[in-house]
Amino acid sequence: MRDEPNSAPRTLRVHPSTEFADTLRKEITDGTWAPGTVRRSGELARRFGTTPHVISKTVQQLRDEGLVATRAGGGGGVTPCGTTPSKWQERAHRDDIADTIRKRISDGTYPVGELLPSITALSKEFGVARSTISLALKPLKDGGIILTNAGPTAHYGTVVAQRIPSEAPPQPDAGHADTDRGQAPEIDRERGAVPCLTTQHRPGSLTSRI
């Protein structure tokens with residue numbers, strides 16, 4: 001059926017993710033959502049009564065503008081740019097400690113069959129709580145790299161059960177060496193975090209909206 005000559009033009013519907021992004025953008029600019037305050041995707045989905053997919057598109061818009069940072073694709077939370085949440089700092093510190101211990105096992109600093117330094121000693125070395133050391137060691141225990149001796153004939157403590165092979169640095173692919181250049185934002189693939197963009201690189205930045 002053809003439209004009548006005098007009928008009003010149809011109005012294109014705005015995608016819900018754009019509407020939600022507008023709401024969150026306002027909260028960021030007026031300080032309602034302060035930097036360092038983490039909101040999870042599930043929390044946002046319940047608030048707006050929508051699906052995780054729509055929230056993912058909402059967060060992507062804000063992230064492309066350089067207004068928010070995410071961790072683990074948003075599953076670890078979303079925060080306005082400006083201050084790194086303490087929980088993210090603690091997690092990064094745990095990961096760094098685990099990487100250091102893993103490298104020491106790999107290069108033989110901690111030989112197979114020998115006890116690791118105690119949790120107390122490691123907590124003093126790295127300047128963190130004992131619980132942080134325990135959490136850093138957990139992936140190594142789960143992977144069978146280290147184990148806890150508690151038997152009557154064994155020295156109590158954490159022993160290196162197997163050596164981790166040294167990892168050779170990846171060789172650049174000459175045919176694809178430049179394929180990733182110029183892309184933003186750069187993703188920390190190991191930590192799963194997407195950093196904030198600087199203002200001059202924000203597509204559709206806030207300054208263009210004011």
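1. Strands here are DSSP runs of E with at least two residues, numbered from the N terminus. Leucine 147, for instance, belongs to strand 3, which covers residues 146-149. Keep in mind throughout that this is a predicted model.

2. Start with the overall layout. The protein chain has seven helices and five strands. Going from the N terminus, the order is α-α-α-β-β-α-α-α-β-β-β-α. The chain has 210 residues, and 32% of them count as buried. If you take the contacts between residues at least 6 apart in sequence, 58% of those contacts join residues at least 24 apart.

3. Helix 4 is a good place to look next. Its 21 residues reach 30 Å from the first C-alpha to the last, close to the 30 Å expected at 1.5 Å a residue. Several of its residues are buried, including Trp88, Asp95, Ile97 and Ser106. Asp99 is buried in this helix too. Just past the end of helix 4 you'll meet glycine 108, which has a positive phi of about 90 degrees.

4. Now for the largest nonpolar core. This core holds 17 residues, and Ile101 and Ile105 are the ones that touch the most other members. At least two residues come from each of helix 4 (86-106), helix 5 (119-126) and helix 6 (130-142). As background, nonpolar side chains tend to be buried together in soluble globular proteins.

5. Isoleucine 101 deserves a point of its own. Where does isoleucine 101 sit? You'll find isoleucine 101 in helix 4. Isoleucine 101 counts as buried because its relative accessible area is 0%, and the cut-off is under 20%. Setting aside residues up to four places away in sequence, isoleucine 101 touches Tyr110, Leu122, Leu137 and Leu140. One of these partners is leucine 137: it lies 36 residues from isoleucine 101 along the chain, with 8.3 Å between the two C-alpha atoms.

6. Leucine 137 also gives us a way back to leucine 147. The two leucines are 10 residues apart in sequence, and their C-alpha atoms are 9.7 Å apart in space. Is leucine 147 buried or exposed? Neither, quite: leucine 147 has a relative accessible area of 38%, so it falls between the 20% and 50% cut-offs and counts as partly exposed. Once neighbours within four places in sequence are left out, the contacts of leucine 147 are Gly157, Thr158, Val159 and Ala161.

7. There is another core, lying apart from the 17-residue one. This other core has 15 residues, and among them are Ala21, Leu24, Leu44 and Val68. Val68 brings us to strand 1, residues 68-71. In that strand Val68 and Thr70 point one way, while Ala69 and Arg71 point the other way, and all of them are buried.

8. Strand 1 has a partner. Strand 2 (residues 78-80) runs antiparallel to strand 1, and three bridges join the two. If you want to see one bridge up close, look at alanine 69, whose bridge partner in strand 2 is threonine 79.

9. Just before strand 1, have a look at glutamate 65. This residue is in the loop between helix 3 (52-64) and strand 1. Glutamate 65 counts as buried because its relative accessible area, 4%, is under 20%. Arginine 25 is 40 residues from glutamate 65 in sequence, and 9.9 Å separates their C-alpha atoms in space.

10. On to the aromatic rings. A pair of aromatic rings is described by the distance of the centres and the angle of the planes. How many aromatic pairs are there? The count comes to one. Phenylalanine 20 and phenylalanine 48 make up the pair, with 4.4 Å centre to centre and 25 degrees between the planes. The pair counts as stacked because that angle is under 30 degrees. It links distant parts of the chain, with phenylalanine 20 in helix 1 (residues 16-29) and phenylalanine 48 in helix 2 (residues 41-48), 28 residues apart. Both phenylalanine 20 and phenylalanine 48 are buried.

11. One last ring to check is that of tryptophan 33. The charged end of arginine 39 sits over this ring, 4.4 Å from the ring centre.

Technical notes: Residues are numbered from 1 along each chain as its sequence is written. This is a predicted model: local features need pLDDT of at least 70, side-chain atom pairs count only at pLDDT 80 or more; totals for chains, interfaces and linings use all residues. Side-chain values use heavy atoms; hydrogens and water are left out. Rings of Phe, Tyr and Trp (its six-membered ring) pair if their centres lie within 6.5 Å; planes under 30 degrees apart count as stacked, over 60 as edge-to-face and the rest as tilted. Helices (H or I, at least four residues) and strands (E, at least two) are DSSP runs, numbered from the N terminus. Buried means under 20% relative accessible area, exposed over 50%, partly exposed in between (1.4 Å probe, protein chains only). A charge sits over a ring if NZ of Lys or CZ of Arg is within 6 Å of the ring centre and within 35 degrees of the ring normal. A nonpolar core is a set of buried Ala, Val, Leu, Ile, Met, Phe, Trp, Tyr and Cys residues joined through side-chain atoms within 4.5 Å. Contact means heavy atoms within 4.5 Å. Two strands pair if DSSP finds at least two bridges between them. The expected span of a helix is 1.5 Å times one less than its number of residues.
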